[in-house]
Amino acid sequence: MATVAENNSGRALYWGTGRRKSAVAQVRLVPGEGKFVVNGKEGELYFQYNPNYLGVIKAPLETLGLENEYDILVKAKGGGLTGQADSIRLGVARALCQLDPDNRSPLKIEGYLTRDPRAKERKKYGLHKARKAPQYSKR
């Protein structure tokens, strides 16, 4: 899930993959000054300057006190903004575990290493949606 590599400049890269609903995020942590890029766009612009999404994503870094020490480079696809934000958070947490195994314990306590298993339930035949039934009439 998470691997370590080196880029052309010799700086270490830490990889982590996160998933939530139908969203998948491939996250790279690179030593830097705290930049956040998603699919080639500035992170704040991609998430429409919504502080909720940005707070969710940077929470694992804030837990460890590493907010301005690593750049977050993300390739995200599928789902909506909420699913992508949660998948990025999981990918960041997994990459931080790769960075230092001692980071695992505080991240696990906060729940950042747990994949959210909830997903959309399939539609059943005879129903309008997964559970919504046609209106019942006695006569």
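Here is a quick briefing on the fold, the core and a handful of residues in this protein. Keep in mind that the structure is a predicted model. The protein has 4 helices and 6 strands, and from the N terminus on they run β-β-β-β-β-α-α-β-α-α. With a radius of gyration of 18 Å, well over the 14 Å that the globule rule gives for 139 residues, the protein is more spread out than a compact globule.

**Overall shape and surface**

- Along its principal axes, the C-alpha trace of the protein spans about 75 × 30 × 25 Å.
- Of the 139 residues in the protein, 35% are buried.
- The accessible surface comes to about 8800 Å², and carbon and sulfur atoms own 49% of that surface.
- If you take the contacts in the protein with a separation of 6 or more, 62% of them are between residues 24 or more positions apart.
- On the charge side, the protein carries 25 positive and 14 negative charges, and the mean positions of the two sets are 20 Å apart.

**The nonpolar core**

- The largest nonpolar core has 28 residues, and those touching the most other members are F36, V38, F47, I72, V74 and I88.
- Strand 3 (23-31), strand 4 (36-38), helix 2, strand 6 and helix 3 (81-99) each put at least two residues into this core.
- Helix 3 gives the most to this core, with 7 residues.
- F36 is a good one to click on: leaving aside its neighbours within four places in sequence, F36 is in contact with K41, E42, G43, F47, L54, I57, K58, I72, V74 and I88.
- Among those contacts of F36 are F47, I72, V74 and I88, which are also on the list of core residues that touch the most other members.

**Helix 3: S87 and L99**

- S87 sits in helix 3 and counts as buried because its relative accessible area is 0%, with the cut-off for buried at under 20%.
- Beyond the neighbours within four places in sequence, S87 is in contact with G18, R19, R20, A23, V24 and A25.
- L99 is also placed in helix 3, and its C-alpha lies 8.9 Å from that of L13, although the two are 86 residues apart in sequence.
- Setting aside its neighbours within four places in sequence, L99 is in contact with Y14, L66 and Y70.

**Strand 2: G16**

- G16 is found in strand 2, where G16 is buried with a relative accessible area of 0%.
- G16 and R104 are 88 residues apart in sequence, yet their C-alpha atoms are 13 Å apart in space.

**Loop residues with positive phi: K21 and N39**

- K21 is in the loop between strand 2 (12-20) and strand 3, and K21 has a positive phi of about 50° although it is not a glycine.
- The relative accessible area of K21 is 55%, so K21 counts as exposed, the cut-off being over 50%.
- N39 is in the loop between strand 4 and strand 5 (41-42), and N39 likewise has a positive phi of about 50° without being a glycine.
- N39 counts as partly exposed, with 37% relative accessibility.

**The loop before strand 6: E67**

- E67 is in the loop between helix 2 (51-64) and strand 6 (70-77).
- At 35% relative accessibility, E67 is partly exposed.
- Apart from neighbours within four places in sequence, E67 is in contact with G34, L61 and E62.
- If you follow the chain from E67 to K77, 10 residues along, the C-alpha atoms of the two are separated by 24 Å.

Technical notes:
Residues numbered from 1 in each chain as written. Predicted model: local features only at pLDDT ≥ 70, side-chain atom pairs only at ≥ 80, totals over all residues. Heavy atoms only, no water. Rg over C-alpha atoms; globule rule 2.2 N^0.38 Å. Buried < 20%, exposed > 50% of the residue type's maximum accessible area, 1.4 Å probe, protein only. Contact = heavy atoms within 4.5 Å. Areas by Shrake-Rupley, 256 points an atom, 1.4 Å probe, with all protein chains shown as cover. Lys, Arg positive; Asp, Glu negative; His and termini not counted. Charge placed at Lys NZ, Arg CZ, Asp CG, Glu CD. Core = buried A, V, L, I, M, F, W, Y, C linked by side-chain atoms within 4.5 Å.
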